[in-house]
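Subject: Structure handover

Hello,

Here is the structure I promised to pass on. Please open it first, then read my notes below.

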Amino acid sequence: MGHVVVVGAGIVGLSVCRAALLNGHAVTLLEQGTISNPSAASYDQHRMIRYQYGDAEGYTRMVGDAFDAWDRLWDDLGVRHFSNTGTMGISLAAEDYTARSLSTFRKLGIQHEVLDREAVERTCPQLNLPEGSWGLLAPAGGALFASRIVDDLARWVTARGIENRVHSKAMRVDPARGEVVLEDGAIVSGDLVVVAAGAWLPELLPDYAGIPTFRQAVCYVEPPEEYLDAWCNGPCLTDLGPGDNYAISPTQGTGLKFGSGNHRKRGRPSDGFRAQPSEGHEVIRHFSPFLRQADQYKPVRMQVGYYVMDASGRFRVEAQGRTVVVTNCDGQMFKFGPLIGARVIESFDGKQSAADLNRWAAGY
Ligand SMILES: Cc1cc2nc3c(=O)[nH]c(=O)nc-3n(C[C@H](O)[C@H](O)[C@H](O)COP(=O)(O)OP(=O)(O)OC[C@H]3O[C@@H](n4cnc5c(N)ncnc54)[C@H](O)[C@@H]3O)c2cc1C
């Protein structure tokens, strides 16, 4: 049995804690805020899980393993915080992201249905798509209820006896020695230190000081009355126009949420978590060309989060000495959290080399 020290109580850190407990290790969790922390990228009503990953075969394959990892978590928690709405990618041009996802689905045998424009609009009557567009529906996929998951997972690991240190900010890590120095100068050491600090990583580890962090603000939206049922009962949408626009269906007590890559900008958590009143309308504007009664959509609330994203677009799970850093989680990692947690601990237990773990996480 080893001692695993985890920095950060987002989906990654908590999933590492659970995997370590399941494999018989002692765990200390260090979190600078509360557990759960509403400022973490992992904390929101929902996050999407979807197979559509363009031509990234490694990540498409990984989604199947992620579903299995979620099933094991539901068994442990005794509750399934997931609504399988299906996910629909929209293709507007030849060789776009959705078209490349279709090629990947065919190659890997991912279950799907191709819908012409009329069929997409029958399934999603709220949409108003241009001539020649079509849809790629994956029946497996939908909304993971993120904050419910994080809250329950935090309770689960706490009930199983981890040492839970809230308001314990890690100030320095010595990767070779597996030591973490806290604000009061106390040193916490482990056989393995896992740094899952989200967008706060550049402040903590000098080797990552230059890694780019981004602010992403998504908008909860009230749709026109006429299309409420269509949104509630329809699939989550991906790649609805330029900028990777996506919509998460309002399901099981959650709201309809619009997100757009066009609304992402460089930023870091110290910039704060407030949004300007105009931002909701800006997010909705990216969807407007594709919506019926577009002017009837009202912004309800913005949710601001931060994540690390470098140009590679690949997750980075990097070992140095007794330390593993999980980063470059982008707007993508929630769906893979339990899977990544399990793999990090399998590697610690000698079932996979650090180099293989690194390659796998990078989607090769
Ligand atoms: C708006 C938005 C939408 C997204 N949509 C999706 C989606 O639809 N699907 C999907 O799969 N992914 C999505 N993502 C990405 C996903 O949410 C993140 O990749 C994932 O939650 C990252 O988890 P994490 O545990 O690495 O980081 P976080 O959840 O940010 O957790 C990091 C934790 O570390 C703590 N911490 C940091 N520094 C220290 C320190 N020095 N000492 C102690 N504690 C520290 C923080 O307080 C925080 O609690 C989205 C992200 C955002 C922001």
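A word on naming first: helices and strands are DSSP runs, numbered from the N terminus. The model is predicted. With that in mind, here is what I found.

Three odd backbone spots

Start with His-167. This residue lies in the loop between β9 (163-165) and β10. Its phi is near 50 degrees, a positive value in a residue other than glycine. Is His-167 buried or exposed? His-167 has a relative accessible area of 54%. The cut-off for exposed is over 50%, so His-167 counts as exposed.

Asp-244 is a second case. It is not a glycine, yet its phi is positive, at about 55 degrees. Look for Asp-244 in the loop between β15 (236-238) and β16 (246-248). Its relative accessible area is 45%, so Asp-244 is partly exposed.

The third spot is a peptide bond. Ile-35 and Ser-36 are joined in the cis form, with omega at about 5 degrees. Ser-36 sits in the loop between β2 (26-30) and β3 (47-49).

Ala-26

Strand β2 also holds Ala-26. This residue is partly exposed, because its relative accessible area is 27%. Which residues does Ala-26 touch, leaving aside its neighbours within four places in sequence? They are Met-1, Gly-2, His-3 and Val-4. Asn-84 is another matter. Ala-26 and Asn-84 are 58 residues apart in sequence, and their C-alpha atoms are 34 Å apart in space.

A three-stranded sheet

Next, go to β10, β11 and β12. These three strands form an open sheet in that order, and the pairing is antiparallel. Which strands lie at the edges? They are β10 (170-174) and β12 (187-189), each of which pairs on one side only. On average, neighbouring strands of this sheet are turned by 25 degrees against each other, direction ignored. Strand β11 covers residues 179-182, and three bridges join it to β12. To find the register, place Val-181 opposite Ile-187 in β12.

Strand β13 and its partners

Strands of a sheet pair through backbone hydrogen bonds, either parallel or antiparallel. Strand β13 (residues 192-195) gives parallel examples; β1 and β21 are its partners here. Strand β1 (residues 3-7) pairs with β13 over four bridges, in the parallel sense. There, Val-7 stands opposite Val-195. Strand β21 (residues 323-327) pairs with β13 over three bridges, again in the parallel sense. In that pairing Val-193 faces Thr-323.

Now look at the side chains of β13. Leu-192 and Val-194 point one way, while Val-193 and Val-195 point the other way. All of these residues are buried. In a regular strand the side chains alternate between the two faces of the sheet.

A pair of helices

Last, turn to α9 (residues 337-348) and α10 (residues 354-361). Their axes come within 9 Å and cross at roughly 165 degrees. Angles over 145 degrees count as roughly antiparallel, so α9 and α10 are roughly antiparallel to each other. The crossing is right-handed.

Which residues meet there? From α9 come Leu-339, Ile-340, Arg-343, Val-344 and Ser-347. From α10 come Ala-354, Leu-357 and Trp-360. By class, this contact of α9 with α10 has six nonpolar residues, one polar and one charged.

Best wishes

Terms used: Residues are numbered from 1 along each chain as its sequence is written. This is a predicted model: local features need pLDDT of at least 70, side-chain atom pairs count only at pLDDT 80 or more; totals for chains, interfaces and linings use all residues. Side-chain values use heavy atoms; hydrogens and water are left out. Two strands pair if DSSP finds at least two bridges between them. Helices (H or I, at least four residues) and strands (E, at least two) are DSSP runs, numbered from the N terminus. Axes are lines fitted to C-alpha atoms, for helices over the stretch in contact, and angles run from 0 to 180 degrees between N-to-C directions. Buried means under 20% relative accessible area, exposed over 50%, partly exposed in between (1.4 Å probe, protein chains only). Contact means heavy atoms within 4.5 Å. Angles under 35 degrees count as roughly parallel, over 145 as roughly antiparallel, 65 to 115 as roughly perpendicular and the rest as oblique. A crossing is left-handed if the near helix is turned anticlockwise from the far one by less than a right angle, and right-handed if clockwise. Ala, Val, Leu, Ile, Met, Phe, Trp, Tyr, Cys and Pro count as nonpolar, Asp, Glu, Lys and Arg as charged, and the others, Gly among them, as polar.
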